[in-house]
Amino acid sequence: MIDYDNKSGMKLLFSFRGTVLPQLIFPVILFSAIAAGVVYFSQNVMAIKANPAPWAIIGTALGLLMVFRTNTAYDRYWEGRKLFGSMVNASRNTILHLMAVMDTNDPDSIQLIKTIAELTVAFDETVKQRLQDEHNLEEVLDHLALLSEEETKILQDSKHLPLSIMLIMRNIIYKEIVPRMLTRDSLVPLENQLNALLENMGGLDRIRRTPMPYAYVVHLKSLLTIFILTLPIGMVDAVGWYTPLVIAITTFGLFGIEEIGVEIEDPFGDDPNDLPLDGICESLHNNLNELLAEQERL
């Protein structure tokens with residue numbers, strides 16, 4: 001994700017990195033060249049005089065479809081950010097709750113809290129991996145150093161790392177942490193936080209595994225291409241050699257909106273406009289380390 005100052009108007013106006021300009025260069029040149037060919041044909045071979053009304057009607061419908069396309073893509077982007085943020089919040093709340101309901105003067109209790117803290121970070125990072133179609137236990141081994149050999153072996157054989165980590169986390173909580181809790185009633189809010197982790201993971205997985213409907217995407221791209229390709233026929237009689245310029249601007253606008261929708265509908269990759277998942281996970285790890293350090297000072 002690119003951090004920027006929305007008040008720097010001139011800097012934003014001439015920005016290139018993070019925009020969809022690289023994807024627009026070819027269609028803008030192609031359709032402008034076709035428009036120039038239509039103008040040449042009209043002026044040197046056979047005059048083209050067409051009523052532009054059909055393009056005005058189709059353009060209105062196409063504009064509505066483009067708005068719906070972009071809004072749907074941004075909804076996926078924003079929902080993904082909310083779900084991942086909610087998962088991080090549940091991770092923090094889990095550790096804060098354990099600190100509140102356990103005897104933090106007991107070294108064994110502190111060690112168990114540290115183990116759960118590292119597991120929650122590993123859970124979030126492996127969820128991030130699944131969203132990016134990765135499966136790399138080596139990246140999270142630093143967070144699993146406190147596990148036994150058998151628990152580590154379970155993770156090495158796992159095909160769904162977040163669920164396996166949650167299984168190990170629940171086993172530790174119910175077998176080792178629950179007996180050390182100040183009250184048994186405090187287990188209910190802890191269970192709610194663990195459920196929130198799983199529910200947010202499911203929501204993120206739903207966004208990642210459910211693309212835009214294929215028929216809708218194909219139909220919109222086809223309609224957009226046909227519209228731009230034939231638009232010079234309806235304009236050449238009115239604007240003449242200005243037609244390629246008008247087509248270039250129209251292509252830049254409509255195809256740019258389409259490309260933005262394509263980029264943000266899957267917000268979990270490593271494109272410049274995707275969500276900063278690595279930074280969020282690193283921030284969570286730093287937050288939990290800071291909490292544990294502050295608890296030890298207290």
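Is Arg 209 buried, partly exposed or exposed? Arg 209 comes out as partly exposed, with a relative accessible area of 39%. I'll come back to its partners in point 6; here are my notes on the rest, bearing in mind that this is a predicted model.

1. Overall make-up. The protein chain has 10 helices and zero strands, so the order of elements from the N terminus is simply α-α-α-α-α-α-α-α-α-α. The radius of gyration is 27 Å, whereas the globule rule gives 19 Å for 298 residues; the chain is therefore more spread out than a compact globule. The C-alpha trace tells you about the extents too: about 90 × 40 × 35 Å along the principal axes.

2. Surface and contacts. Of the 298 residues in the protein chain, 42% count as buried. The accessible surface comes to about 16300 Å², and carbon and sulfur atoms account for 60% of that. If you look at contacts between residues at least 6 apart in sequence, 77% of them join residues at least 24 apart.

3. The main core. In soluble globular proteins, nonpolar side chains tend to be buried together. Here the largest nonpolar core has 54 residues, and the members touching the most others are Phe 84, Ile 116, Leu 119 and Ile 177. Helices H3 (53-101), H4 (107-131), H6 (161-177), H7 (187-209) and H10 (277-297) are the elements that each give two or more residues to this core. H3 gives the most, with 11 residues. If you want one residue to centre your view on, try Phe 84: leaving out residues up to four places away in sequence, its contacts are Asp 124, Lys 128, Leu 131, Leu 204, Leu 277, Ile 280 and Cys 281. There is also a second, separate core of 18 residues, including Ala 35, Leu 62, Met 235 and Phe 255.

4. A nonpolar patch outside. Phe 26, Leu 30, Ile 34 and Leu 229 make up a nonpolar patch on the surface, with about 350 Å² of accessible area together. Helix H2 (residues 21-44) supplies the largest share of the patch, three residues. Leu 30 is found in that helix, H2. With a relative accessibility of 35%, Leu 30 counts as partly exposed.

5. A salt bridge across the chain. The structure holds 12 salt bridges. One of them pairs the side chains of Lys 128 and Asp 278, at 2.6 Å from N to O. This pair links distant parts of the chain, with Lys 128 in helix H4 and Asp 278 in helix H10, 150 residues apart. Lys 128 counts as buried, because its relative accessibility of 8% is under the 20% cut-off. Recall that Lys 128 is also among the residues Phe 84 touches.

6. The charged network. Which residues do the shared salt bridges join? Start with Arg 209 from the opening: its side chain meets that of Asp 205 in a salt bridge (3.1 Å, N to O). Both residues lie in helix H7, four residues apart, or about one turn of the helix. Asp 205 is partly exposed as well, at 22% relative accessibility. Through shared partners, salt bridges join Arg 130, Asp 133, Asp 205, Arg 208 and Arg 209 into one network. Within that group, the side chains of Arg 208 and Asp 133 meet at 2.5 Å, N to O. Arg 208 lies in helix H7 while Asp 133 sits in the loop between H4 and helix H5 (149-157), so this pair ties together parts that are 75 residues apart in sequence. Asp 133 is partly exposed, with a relative accessible area of 48%.

7. An arginine to check. Arg 170 is found in helix H6, and with a relative accessible area of 19% it is buried. That value falls just on the buried side, since the cut-off is under 20%. Not counting residues up to four places away in sequence, Arg 170 touches Glu 191, Leu 194, Asn 195 and Leu 198. For a sense of distance, the C-alpha atoms of Arg 170 and Tyr 77 are separated by 31 Å, the two residues being 93 apart along the chain.

Terms used
Residues numbered from 1 in each chain as written. Predicted model: local features only at pLDDT ≥ 70, side-chain atom pairs only at ≥ 80, totals over all residues. Heavy atoms only, no water. Patch = residues over 30% accessible without salt bridge, like charges linked within 9 Å, V, L, I, M, F, W, Y side chains within 5 Å. Areas by Shrake-Rupley, 256 points an atom, 1.4 Å probe, with all protein chains shown as cover. Salt bridge = Lys/Arg side-chain N within 4 Å of Asp/Glu carboxyl O. Buried < 20%, exposed > 50% of the residue type's maximum accessible area, 1.4 Å probe, protein only. Core = buried A, V, L, I, M, F, W, Y, C linked by side-chain atoms within 4.5 Å. Contact = heavy atoms within 4.5 Å. Rg over C-alpha atoms; globule rule 2.2 N^0.38 Å.
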